[in-house]
Amino acid sequence: ANFDDVMFQVMVYDTNVKRAYEVRNMVRKALESYCFILNPRISGFDPTTKQSMRGFDANWIQEI
């Protein structure tokens, strides 16, 4: 193959759900021109820490 392929996941945790959503979107927009965003709407809530989580999966492909 003439490329390297890295799959990764970005997760943002915050006690403020709106702020977690905004940070996830800023990171996603910064990476969009470099990689493929997969599953862009991962979300959940951890009742133990009382934190909301927002995230996405991505695939970074670089030709070598």
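The following paragraphs describe the nonpolar groupings, the aromatic and charged pairs, and selected backbone features of a predicted model.

Local features were accepted only at pLDDT of at least 70 and side-chain atom pairs only at pLDDT 80 or more, whereas totals for chains, interfaces and linings use all residues. Residues are numbered from 1 along each chain as its sequence is written, and side-chain values rest on heavy atoms, with hydrogens and water left out.

Helices and strands are DSSP runs numbered from the N terminus (helices: H or I, at least four residues; strands: E, at least two). The elements discussed here include strand β1 (3-14) and strand β2 (36-46), together with helix α1 (17-31) and strand β3 (residues 51-63). Exposure is expressed as relative accessible area: buried denotes under 20%, exposed over 50%, and partly exposed the range in between (1.4 Å probe, protein chains only). The areas themselves come from the Shrake-Rupley method with a 1.4 Å probe, and for residues only the protein chains shown count as cover.

In soluble globular proteins, nonpolar side chains tend to be buried together. A nonpolar core is taken as a set of buried Ala, Val, Leu, Ile, Met, Phe, Trp, Tyr and Cys residues joined through side-chain atoms within 4.5 Å. The largest such core comprises 5 residues, namely Val-10, Leu-31, Cys-35, Phe-56 and Ala-58. With contact defined as heavy atoms within 4.5 Å, and residues up to four places away in sequence not counted, Val-10 touches Val-27, Arg-54, Gly-55 and Phe-56.

A nonpolar patch was also found on the surface. Patches consist of residues with over 30% relative accessible area and no salt bridge, like charges being joined within 9 Å and nonpolar side chains (Val, Leu, Ile, Met, Phe, Trp, Tyr) within 5 Å. The patch is formed by Phe-3, Met-7, Phe-36, Leu-38 and Ile-61, which together present about 490 Å² of accessible area. Strands β1 and β2 each supply at least two of these residues. Phe-3 is placed in strand β1 and is partly exposed, at 41% relative accessible area. Met-7 also lies in strand β1, but counts as exposed because its relative accessibility is 57%. Leaving aside neighbours within four places in sequence, Met-7 is in contact with Leu-38, Ala-58 and Asn-59. The C-alpha atoms of Met-7 and Asn-59 are 4.4 Å apart, although the two residues are separated by 52 residues in sequence.

A search of the whole structure for aromatic pairs returned 1 pair. Rings of Phe, Tyr and Trp (its six-membered ring) pair if their centres lie within 6.5 Å; planes under 30 degrees apart count as stacked, over 60 as edge-to-face, and the rest as tilted. Tyr-34 and Trp-60 form a stacked pair, with 5.9 Å between centres and 10° between planes. The pair links distant parts of the chain, Tyr-34 lying in the loop between α1 and β2 and Trp-60 in strand β3, 26 residues apart. Tyr-34 is exposed, at 52% relative accessibility, whereas Trp-60 is partly exposed, at 33%.

Salt bridges, which require a side-chain nitrogen of Lys or Arg within 4 Å of a carboxyl oxygen of Asp or Glu, number 3 in the model. Asp-14 pairs with Arg-19, their closest N and O atoms being 2.7 Å apart. Asp-14 is buried, at 15% relative accessible area, while Arg-19 is partly exposed, at 40%. A further bridge joins Glu-22 and Lys-18 at 3.7 Å, N to O. These partners are separated by about one helical turn, because they are 4 residues apart in helix α1. Glu-22 is partly exposed, at 37%, and Lys-18 is exposed, at 55%. The side chains of Arg-28 and Glu-32 likewise meet in a salt bridge, at 3.6 Å, N to O. Arg-28 is buried, at 16%, and Glu-32 is partly exposed, at 42%.

Positive phi values were found for two residues other than glycine. Asn-39, in strand β2, has phi near 45° and is partly exposed, at 44%. Lys-50 has phi of about 60°; this residue is located in the loop between β2 and β3 and is exposed, at 55%. The loop between β2 and β3 also holds Thr-49, which is partly exposed, at 41%. The C-alpha atoms of Thr-49 and Tyr-13 are separated by 9.8 Å, with these positions 36 residues apart along the chain.
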